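Student: Please take one part of this protein and look at it closely with me. I would like to hear about enclosed space and the residues around it.

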Amino acid sequence: MPHSSSSLEPDLEPFRVEVQPERDSVRVVPVGEVDIATVGEIDTRLRELNKAGFRHLVLDLRRLTFIDSSGVRLVLTWHAAAHQNGIDFMVLEGPPAVQRVFQIAGVLDHLPFRT
């Protein structure tokens with residue numbers, strides 16, 4: 001039975017980055033898939049927030065459906081830069097498929113993941 005392309009992926013949301021300021025930090029929440037086409041948007045948002053004076057950044061991966069090596073590289077880069085520049089950078093664990101990518105890359109234990 002043929003399917004139209006629109007019925008194959010009815011639940012996929014377009015990629016976006018939500019910013020949720022909290023009392024002493026700001027949470028950056030990418031929604032959807034992080035890959036080479038979308039990773040720059042997250043990086044730009046984190047840079048803007050840091051430049052605006054936020055010293056406590058939380059990258060919340062819980063609403064991701066996919067992450068590739070460019071997303072892993074972004075997290076590693078921000079972790080290293082935060083450590084070097086005195087920024088508090090924390091990462092909230094994503095779904096099992098997302099965490100598996102970090103595990104396969106061998107960096108799971110080297111990043112500031114929280115549940």
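Tutor: Start with the term. On a 1 Å grid over the protein atoms alone, a cavity is a set of points where a 1.4 Å probe fits but cannot get out, and its lining residues have an atom within 4 Å of a point. A volume is the space filled by probe spheres set on the points, which are joined across faces, edges and corners.

Now the ground rules. This is a predicted model, where local features need pLDDT of at least 70 and side-chain atom pairs count only at pLDDT 80 or more, while totals for chains, interfaces and linings use all residues. Residues are numbered from 1 along each chain as its sequence is written, and side-chain values use heavy atoms, with hydrogens and water left out.

The pLDDT is the predictor's confidence in each residue, from 0 to 100. Its average over the protein is 90, and 90% of the residues reach at least 70. Residues 1–7 fall below 50, and this stretch makes one contact beyond near neighbours in sequence. Contact means heavy atoms within 4.5 Å.

Next, the layout. The protein has four helices and six strands. From the N terminus, their order is α-β-β-α-β-β-α-β-α-β. Both kinds are DSSP runs numbered from the N terminus: helices are H or I with at least four residues, strands are E with at least two.

Here is the cavity. The structure holds one cavity of 30 Å³ or more. The largest cavity encloses about 30 Å³. Its lining is made by Pro30, Val34, Ile42, Leu59, Leu61, Leu64, Ile67, Gly71, Leu74 and Val75. Strands β2 and β4 and helix α3 each supply at least two of the lining residues. The biggest contribution, three residues, comes from α3.

Take β2 first. Strand β2 covers residues 26–34 and pairs with β1, residues 16–21, in the antiparallel sense over six bridges. Two strands count as paired if DSSP finds at least two bridges between them. A hairpin of four residues joins β1 to β2. Pro30 belongs to the cavity lining, and this β2 residue stands opposite Val17.

Now α3. Val75, another lining residue, sits in this helix. Its relative accessibility is 1%, so Val75 counts as buried. Buried means under 20% relative accessible area, exposed means over 50%, and partly exposed is in between, with a 1.4 Å probe and protein chains only. Across the protein, 39% of the 115 residues count as buried.

What does Val75 touch, not counting residues up to four places away in sequence? The list is Leu59, Phe89, Val91, Phe102 and Leu111. Leu59 is itself a lining residue of the cavity. Asp43 is 32 residues from Val75 along the chain, yet their C-alpha atoms are separated by 9.2 Å. Contacts across the chain run through the whole fold. Of the protein's contacts with a separation of 6 or more, 65% join residues 24 or more positions apart.

Follow Phe102 outward from Val75. Phe102 is buried in α4, residues 96–104, along with Val98 and Gln99. These three lie on the same side of α4 because they cover an arc of only 95 degrees around the axis. That arc is taken from the directions from the helix axis to the C-beta atoms. The buried residues of α4 pack against β4 (64–67), α3 (69–85) and β6 (113–114). Two of those partners, β4 and α3, also help line the cavity.

Gln99 makes a good check on that buried side. This α4 residue has a relative accessible area of 10%, so Gln99 is buried. Leaving out residues up to four places away, Gln99 touches Glu93, Gly94, Leu108 and Phe113.

Turn α4 over. The face away from the buried side carries exposed Pro96, Ala97 and Ile104. Just after the helix, Gly106 has a positive phi of about 75 degrees.

So keep the path in mind. The cavity has Val75 in its lining, Val75 touches Phe102, and Phe102 is among the buried residues of α4.

How values were computed:
1 Å grid on protein atoms, 1.4 Å probe; cavity = no way out; pocket = protein on both sides within 12 Å on 5 of 7 lines; lining within 4 Å.
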